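Where in a protein is there room for something other than the protein itself? Please look at the sequence and the structure below with that question in mind, and then read the report that follows.

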Amino acid sequence: MKRMTSLLLAVLLLAAVIILPGCERKVRVYRFAEIHALDYPTTQGNIAFANYVEEKTNGRIKIEVFHSGQLGQERETIEMTQTGAIAFVRVATNPLTSINPVMAALSMPFLYRDRDHMFRVLDGEIGDEMLESLQQQNLLGLCWFDAGFRNFYNSRREIRTPADMAGLKIRVQETPLMMDMIRMLGASPTPMSLGEVYTSIQNGVVDGAENNWPSYIAVGHFEVARFFTVNQHMAAPEMILINTGVWNSFSEDEKRIVKEGALEGARVQRAAWIAAELEHEARAREAGSIIYEPTAAEIKLFADALAPIYNQPAYAAFTDLITRIKAVE
Ligand code: BDP
């Protein structure tokens with residue numbers, strides 16, 4: 001009789017858990033792809049996001065951040081997130097232009113007045129529109145990360161003006177925008193993933209590349225390309241993306257928590273980024289990089305050389321969006 005009572009109680013308890021509305025769903029574990037190392041600001045932002053979501057869902061949603069390119073480089077991890085093989089990926093906007101060209105509008109040369117202007121755009125209605133603009137490709141943006149501004153560096157010579165770039169072979173991200181920009185500056189673009197750049201510079205396949213301070217140091221390019229020009233030709237904002245199938249599997253409450261967690265991750269990443277830029281610039285100077293800071297007149301030479309890109313048909317298509325971006329106070 002006693003055994004029957006215990007069995008009956010166990011069945012009732014199990015039924016209660018399954019039937020009670022809002023009952024605790026089973027633990028779901030998702031993978032998150034990141035190409036940067038554990039201590040890089042984007043990875044810190046990703047982990048802050050994952051920790052927030054796990055805590056607020058009482059462990060029901062666990063997100064495992066695979067840093068240092070464990071799951072692949074950006075292009076393939078974007079594709080894996082589109083298929084659902086990976087649930088989350090952190091990427092720069094440029095690699096996304098191959099699946100949604102409008103993303104290039106956010107990385108046009110000399111587009112933003114400064115970082116504050118960039119984030120008033122990204123944290124406003126334009127940024128929201130862009131986060132939502134990839135859903136046809138099974139991707140939904142959750143938040144914007146800071147990737148600062150990008151600068152040229154190379155192994156051959158000091159670049160002071162566009163004329164100094166003539167004939168240089170420059171690695172670019174795999175997007176037509178970057179290839180068009182490098183050609184307009186009189187250099188020759190070579191698209192490849194970030195993971196291939198170090199050896200390509202080392203072996204002379206390319207002479208240099210362009211990136212922000214943290215990446216220049218974090219992926220070791222300062223060791224093979226000592227000439228660094230702080231010309232800040234563009235910003236390439238970055239974002240956390242989720243597979244839309246995973247997103248749609250969440251309850252409304254879980255979606256709220258995931259969105260809140262993404263904003264917490266962005267808060268952590270942006271704070272870490274400011275510190276990382278200062279730290280990595282100092283490390284570049286200590287390591288002996290030959291750093292040239294162009295005058296305002298020389299920066300204008302870069303801006304003037306790249307201005308015609310706005311009229312090229314592929315980018316003239318974004319004129320209205322670019323006008324809206326520039327109009328943001
Ligand atoms: C870095 C970005 C990374 C890009 C890389 C690149 O953080 O997402 O893959 O630039 O140039 O700044 O490919």
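## Spaces in the model

In the second largest pocket, the lining consists of 8 nonpolar, 2 polar and 2 charged residues. This structure is a predicted model, and the second largest pocket holds about 160 Å³ of space. Its lining is formed by Phe110, Leu111, Tyr112, Arg113, Asp114, Phe149, Val230, Asn231, Gln232, Met234, Ala235 and Ile299. Strand β9 provides the largest share of this lining, namely 5 residues.

The largest pocket, for its part, contains about 190 Å³ of space. Around that space stand Arg115, Phe149, Asn151, Trp213, Val230, Gln232, Ile274, Glu277, Leu278 and Glu281, and by class the residues of this lining are 5 nonpolar, 2 polar and 3 charged. Which elements supply at least two residues each to the lining of the largest pocket? They are β5, which spans 149-154, β9, which spans 227-235, and α10, which spans 252-286. Among the contributors to the lining of the largest pocket, α10 gives the most, with 4 residues.

A reader who compares the two lists will find Phe149, Val230 and Gln232 in the lining of the largest pocket and also in the lining of the second largest pocket.

Besides the pockets, there is the ligand to consider. The space that the ligand takes is the largest cavity. There are 13 residues around the ligand, and those that come nearest are Glu74, Arg150, Arg171, Asn211 and Glu238. Sorted by class, the shell around the ligand comprises 3 nonpolar, 5 polar and 5 charged residues.

Some side chains place a polar atom at a short listed distance from an oxygen atom of the ligand, and the table gives three of these pairs.

| Residue | Ligand atom | Distance |
|---|---|---|
| Glu74, N or O atom of the side chain | oxygen | 2.4 Å |
| Asn212, N or O atom of the side chain | oxygen | 3.1 Å |
| Ser215, polar side-chain atom | oxygen | 3.1 Å |

How much of the surface of the ligand does the protein bury? Taken alone, the ligand exposes 320 Å², and the protein buries 98% of that area. Glu74, which appears in the table with 2.4 Å, is also one of the residues that come nearest to the ligand.

Notes:
Residues are numbered from 1 along each chain as its sequence is written. This is a predicted model: local features need pLDDT of at least 70, side-chain atom pairs count only at pLDDT 80 or more; totals for chains, interfaces and linings use all residues. Side-chain values use heavy atoms; hydrogens and water are left out. On a 1 Å grid over the protein atoms alone, a cavity is a set of points where a 1.4 Å probe fits but cannot get out, and a pocket is an open set with protein on both sides within 12 Å along at least five of seven lines; lining residues have an atom within 4 Å of a point. Grid points are joined across faces, edges and corners, and a volume is the space filled by probe spheres set on the points. Ala, Val, Leu, Ile, Met, Phe, Trp, Tyr, Cys and Pro count as nonpolar, Asp, Glu, Lys and Arg as charged, and the others, Gly among them, as polar. A residue is near a molecule or strand if one of its heavy atoms lies within 4 Å of it. A polar contact is a pair of N or O atoms within 3.5 Å; within protein, one must be able to donate a hydrogen and the other to accept it, and residues adjacent in sequence count only if both atoms are side-chain atoms. Accessible areas come from the Shrake-Rupley method with a 1.4 Å probe; for residues, only the protein chains shown count as cover. A molecule sits in a cavity or pocket if more than half of its atoms lie within 2 Å of its grid points.
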